[in-house]
Amino acid sequence: MSRPPSAPPLAEVALPLPLFRTFTYAAPEAPRHALVPGTRVVVPFHGRTEIGVCLGPGDPATLVGKGGRPVVPKAILDVPDAEPAVTPSLLAICRWIADYYVVPLGVALRCALPNALTGADAPTPTQRTHRVATLARHVESLLHRERIFARAPQQRALYELLEANGGRAPVGQLLEQLRFSPSVLKGLVARGFATVDDEVVARDPFAGRAAAAAARHRPTAEQQAAVEAMAGGGAGETFLLHGVTGSGKTLVYIELLRRVVEERGRSAIVLVPEIALTPQTVDRFRAAFGDRIAVLHSALSDGERYDAWLALRRGEKRIAVGARSAVFAPLEDLGAIVVDEEHESSYKQGESPRYHAREVAIVRARAAGAVVVLGSATPSLESWANATVGKYRLLTLPARVGGARLPRVDVVDLRVGQGRPRPGDAPRSPVDQVLSAPLQKALAETLEKEEQSILLLNRRGYSAFVQCGECGDVTTCPNCSISLTYHRAPERLVCHYCQHQEAPRDRCARCRGETLRQRGLGTQQVERILAERYPAARIARMDVDTTGAKWAHAEILDRVGRGEVDVLLGTQMIAKGLDFPNVTLVGVIDADTGINLPDFRASERCFQLLSQVAGRAGRGPKGGQVLIQTRLPTHHAVRCALAHDYHGFVREEATGRESPAYPPLVRLANVVVSGLREDATQALADRAAGWVRALMARRGAAGVTLIGPAPCPVERVKQRWRWHFLLKAEQPGELTRVARYFVQRFEVPKQHGLRVALDRDPVALL
Ligand code: ADP
Ligand code: ZN
């Protein structure tokens, strides 16, 4: 590194701080390891230590303080790694993220490294144990349960939570979820319903979860053609694999990886939306590639994750499978990156850096000379537009494998005069209000035939909200402008934004009225209604409340796979990736949840969800049918899902995004201003928007327009008021310029907790 004689060599260091600059440090006199670009360094910073990344030689010209006085650089305290943690290719991708998403380089770098390497202490994965409760005695009959727990409702709640978690769950988590004292569990143990023991947190996270020895299928002609096209793709080429549900996309990915990894000796990354939700897909990769694969599961501890990271970094494993952050897997000589279900919004990180893993994958692959495969039955409008203009190469799997047909989809119209009663009809039972006659009939027939059903309701809890029958007031969260959801077992009002919980009230807080009504439907209530209507059916519920434990998702799905569940009920969690040939009925309890949200992607998300969940039916020789209950049967999201008409949906949806213009027609950045005081937040939003308008008037910003400011659709979250404005641009470059200038120069006052966040290519505007 260049330096004046006698001065210590200097290093440029990126730190994970919200500052758009790098720092110059002096190299230690005798560093433990070589100080090369990409190595982590421990440095002093304002009286504490920080972990940074060395970028290269430092510039002596930066060592000038106020008034031109020379500054003596602080020395790096330690160089802990023998090998640089950040490879040159990862450094390049982080530079791109910093630039495009307008975040400090150090923040992008921290996000690309495993937690074990970014904490202030060295990675020392140690063995941990925790206490686990196991259900010892099952009480199947609801009547029995009522009697046994008549005087111990807390024990019953604990029992049922344990049961919902597949019969086994960490004690700490159970008690935290229920907020009970440990004595409730003691009581349950004393009565012989549960046992408690210590369990070592497994070093091998997959111990005891053998991958099903799946039969190795021969690709069909269509699958083979797709594999050939991809394997022969040019360096950096992006493919959009549009394959209907059940068309065998997973096998295409696996065969591509055989070519890239086994034949050519290169490496590969497979991204899945949420790894806990897709155990079947992951198992197929494990069955095909055994321990050459590193699964970066969300349930791994930091130590386990670090082990997996190290195996990839050392080249011991050549394939990484994981969710969003697996796009940073430290693999060299990448040959392919697969992005399964590329339309999923979970690929976008919700906090800084707000990157989209699909976009990062494309940029990374281009630099590495790898191919990218974006797979989906319902591609995002952005990817579809890119395929249409020839930026991506479109490959299509138009039919299901093995001659299976797409299921028949029917709509049940819930409006008055259709499925609903006419005025004068006798009042209907709760069962009839939730399950229409056609759906009840289909469920009964499916049970009769000993086949399985999947029911979707995309709202957890018991009822959506509580409303006063006298003044109409809806109970809302004290921290957020969101109504509280009523939960049973345990009985609580819960905010799904900030997790605030409170006991249900017996009077209206506003008018003291005594008739508080529960409105709207949640999964807990549907579960109860199903149990009443079909007492013999074995029902499993899958939502955030039943899947807190480490392998809870996989355990519930394993039970479905073994035929121990007749009806699987759940939120959008059950819509993805599931492949059970004995599922012949899919019912959507309420297709309209979310369809009217004030967000330009609401229809697209609804269409995707309906198409995906419909795709779970009829994957075996028995065929299948889908029933969608809705009050909006003519909405294009519902209509096109009914007809399996992706192209029709895209045509109508794209027209709807022309005026006002939304992606994919324009590029978008959402600027959210938030703070603890409403007036200060609004004032700052006004000032920020004015600042950007003045900037654009002064400098000219061709094709960039500013819309707003306005309150966010959800005005308050976690005690913070929220305002926003949008930047729309025809060209991404212009948007980058304006955004960077704004984020780096606009000063946010240090009061009232004021903050400004820029979200480039937002997936939601709520
Ligand atoms: P998708 O992801 O496109 O919805 P999957 O990859 O889940 O579809 O495949 C659907 C089913 O078809 C799976 O059970 C899979 O094992 C099976 N399958 C895929 N390809 C073949 C093939 N070539 N021959 C026989 N079965 C296949
Ligand atoms: Zn809240």
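**Strands, helix contacts and unusual backbone bonds**

Ala11 stands opposite Pro57 in strand S4, and this pair of residues is a convenient place to begin reading the structure, which is a predicted model. S4, which covers residues 48-57, pairs with strand S1 in the antiparallel sense, and four bridges join the two. S1 also has a second partner, strand S2, made of residues 23-26, to which it is joined by four bridges, again with the strands running antiparallel. In that pairing, Glu12 is the residue that stands opposite Thr24 in S2. As background, the strands of a sheet pair through backbone hydrogen bonds, and they may do so either parallel or antiparallel.

Is S1 largely enclosed or not by the rest of the structure? Of the five residues in S1, which spans residues 10-14, four are buried, so this strand is largely enclosed by what surrounds it. Here a residue counts as buried when its relative accessible area is under 20%.

Another set of strands lies further along the sequence, where S18, S19 and S20 form an open sheet of three strands in the order S18-S19-S20, with antiparallel pairing. Its edge strands are S18 (485-487) and S20 (501-502), each of which pairs on one side only. S19, made of residues 492-494, is joined to S20 by two bridges in the antiparallel sense, and within this pairing Leu493 stands opposite Glu502 in S20.

The helices can be followed in a similar way, by asking which of them meet and at what angle. Helix H1 (residues 88-100) and helix H2 (residues 105-112) have axes that come within 8 Å of each other and cross at roughly 130°. Angles over 145 degrees would count as roughly antiparallel and those from 65 to 115 as roughly perpendicular, and H1 and H2 are therefore described as oblique to each other. The way in which H1 passes H2 is a right-handed crossing. From H1, the residues that make the contact are Leu91, Cys94, Arg95, Ile97 and Ala98, while H2 contributes Leu105, Ala108, Leu109 and Ala112. Sorted by class, the residues of this contact between H1 and H2 comprise eight nonpolar, no polar and one charged.

A second helix pair is formed by H5 (residues 153-164) and H7 (residues 182-190), whose axes come within 9 Å and cross at roughly 80°. With that angle, H5 and H7 are therefore roughly perpendicular to each other. Gln154, Gln155, Leu158 and Tyr159 of H5 make the contact together with Val184, Leu185, Gly187 and Leu188 of H7, and by class the contact of these two helices has five nonpolar, three polar and no charged residues.

For a third pair, H9 (residues 249-263) and H10 (residues 279-289), the axes come within 11 Å and cross at roughly 35°, and the crossing of H9 and H10 is right-handed. On the H9 side the contact is made by Thr250, Tyr253, Ile254, Leu257, Arg258 and Glu262, and on the H10 side by Thr281, Arg284, Phe285, Ala288 and Phe289. The class counts for the contact of H9 with H10 are six nonpolar, two polar and three charged residues.

The backbone itself also repays a careful look. Most residues other than glycine have a negative phi, and most peptide bonds are trans. Against that background, Val102 has a positive phi near 55°, although this residue is not a glycine. Val102 lies in the loop between H1 and H2, the two helices whose axes cross at roughly 130°, and with a relative accessibility of 6% Val102 counts as buried. Glu450, likewise not a glycine, has a positive phi of about 60° and is found in the loop between helix H15 (437-448) and strand S16 (452-456). Is Glu450 buried or exposed? Its relative accessible area is 66%, so Glu450 is exposed, the cut-off for that word being over 50%.

Finally, there are cis peptide bonds to find. The bond from Ser352 to Pro353 is cis, with omega near -5°, and Pro353 is found in the loop between strand S12 (334-340) and helix H12 (357-368). Gly708 and Pro709 are also joined by a cis peptide bond, for which omega is about 5°, and the place of Pro709 is in strand S27, which covers residues 704-717.

Methods. Residues numbered from 1 in each chain as written. Chains lettered and ligands numbered in written order. Predicted model: local features only at pLDDT ≥ 70, side-chain atom pairs only at ≥ 80, totals over all residues. Heavy atoms only, no water. Buried < 20%, exposed > 50% of the residue type's maximum accessible area, 1.4 Å probe, protein only. Pairing = 2+ DSSP bridges. Axes fitted to C-alpha atoms, helices over the stretch in contact; angles between N-to-C directions. Parallel < 35°, antiparallel > 145°, perpendicular 65-115°, else oblique. Left-handed = near helix turned anticlockwise from the far one by under 90°. Contact = heavy atoms within 4.5 Å. Nonpolar A, V, L, I, M, F, W, Y, C, P; charged D, E, K, R; others polar.
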